[in-house]
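These are my notes from going through one model. I kept each entry short and wrote down what I looked up.

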Amino acid sequence: SPSPMASRSCTFLEILLAVILPPLGVFLRYGCCSMEFLICLLLTILGYIPGIIYAVYVLVAHGSASEESGRDYDALA
């Protein structure tokens with residue numbers, strides 16, 4: 001399991017990429033055929049700023065929730 005510091009640096013890198021090119025940061029976390037990526041791509045095409053806002057929201061809000069659920073599973077295993 002990755003250390004908390006490595007996890008934070010990966011999240012920082014994803015957020016940095018999401019500010020530069022929003023779909024790229026979401027792609028690295030969720031893949032190319034996920035609903036999050038498709039929404040981010042559409043928002044970025046419609047407007048760069050909405051794409052950035054959505055990408056950062058998905059990476060921060062959904063990312064912490066998925067990490068917590070992963071930790072719960074590891075504690076049970």
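**Entry 1: helix 2 against helix 3.** The model is predicted, and I began with one helix pair. I looked up helix 2 (residues 22–30) and helix 3 (residues 35–46), whose axes come within 9 Å and cross at roughly 180°. Helix 2 is therefore roughly antiparallel to helix 3, given that angles over 145 degrees count that way.

Next I listed the residues at this contact. From helix 2 I noted P22, P23, V26, F27 and Y30, and they meet E36, F37, C40, L41 and T44 of helix 3. Sorted by type, the residues of this contact are eight nonpolar, one polar and one charged.

**Entry 2: the chain as a whole.** I then stepped back to the overall make-up. I counted four helices and zero strands in the protein chain, and the pattern along the sequence reads α-α-α-α. The protein chain has 77 residues, and 26% of them count as buried. I also looked up how far apart in sequence the contacts lie. Among contacts with a separation of 6 or more, 47% are between residues 24 or more positions apart.

**Entry 3: helix 3 on its own.** Helix 3 has 12 residues. I took its reach from first C-alpha to last as 17 Å, which is close to the 16 Å expected at 1.5 Å a residue. I then asked which residues of helix 3 are buried. They are E36, F37, C40 and T44. Seen down the helix axis, these buried residues fall within an arc of 95°, so they line one face of helix 3. On the face turned away from that buried side I found the exposed residues M35, L42, I45 and L46.

**Entry 4: helix 2 on its own.** I ran the same lookup here. The buried residues of helix 2 are P22, P23, G25 and V26. Their arc around the axis is only 160°, which puts them on the same side of helix 2. Just after helix 2, I noted that G31 takes a positive phi of about 95°.

**Entry 5: C40.** I picked C40, which sits in helix 3, for a closer look. C40 counts as buried because its relative accessibility is 0%, against a cut-off of under 20%. Leaving aside neighbours within four places in sequence, C40 is in contact with P22, P23, V26, G51, Y54 and A55. For one of these, G51, I looked up the C-alpha separation from C40: 5.4 Å, at 11 residues apart along the chain.

**Entry 6: T44.** T44 is also found in helix 3. Is T44 buried or exposed? It counts as buried, because its relative accessibility is 17%. Not counting residues up to four places away in sequence, T44 touches P22, P23 and G51. The C-alpha atoms of T44 and P22 are separated by 6.9 Å, with the two positions 22 residues apart along the chain counted as their spacing.

**Entry 7: I15.** My last lookup was in helix 1 (residues 4–20), where I15 has its place. I15 is partly exposed, because its relative accessible area is 22%. With neighbours within four places in sequence left aside, I15 is in contact with V56, L59 and V60. I also noted Y57, which is 42 residues from I15 along the chain; the C-alpha atoms of the two are separated by 9.4 Å.

Definitions and conventions: Residues are numbered from 1 along each chain as its sequence is written. This is a predicted model: local features need pLDDT of at least 70, side-chain atom pairs count only at pLDDT 80 or more; totals for chains, interfaces and linings use all residues. Side-chain values use heavy atoms; hydrogens and water are left out. Axes are lines fitted to C-alpha atoms, for helices over the stretch in contact, and angles run from 0 to 180 degrees between N-to-C directions. Helices (H or I, at least four residues) and strands (E, at least two) are DSSP runs, numbered from the N terminus. Angles under 35 degrees count as roughly parallel, over 145 as roughly antiparallel, 65 to 115 as roughly perpendicular and the rest as oblique. Contact means heavy atoms within 4.5 Å. Ala, Val, Leu, Ile, Met, Phe, Trp, Tyr, Cys and Pro count as nonpolar, Asp, Glu, Lys and Arg as charged, and the others, Gly among them, as polar. The expected span of a helix is 1.5 Å times one less than its number of residues. Buried means under 20% relative accessible area, exposed over 50%, partly exposed in between (1.4 Å probe, protein chains only). The arc is that of the directions from the helix axis to the C-beta atoms.
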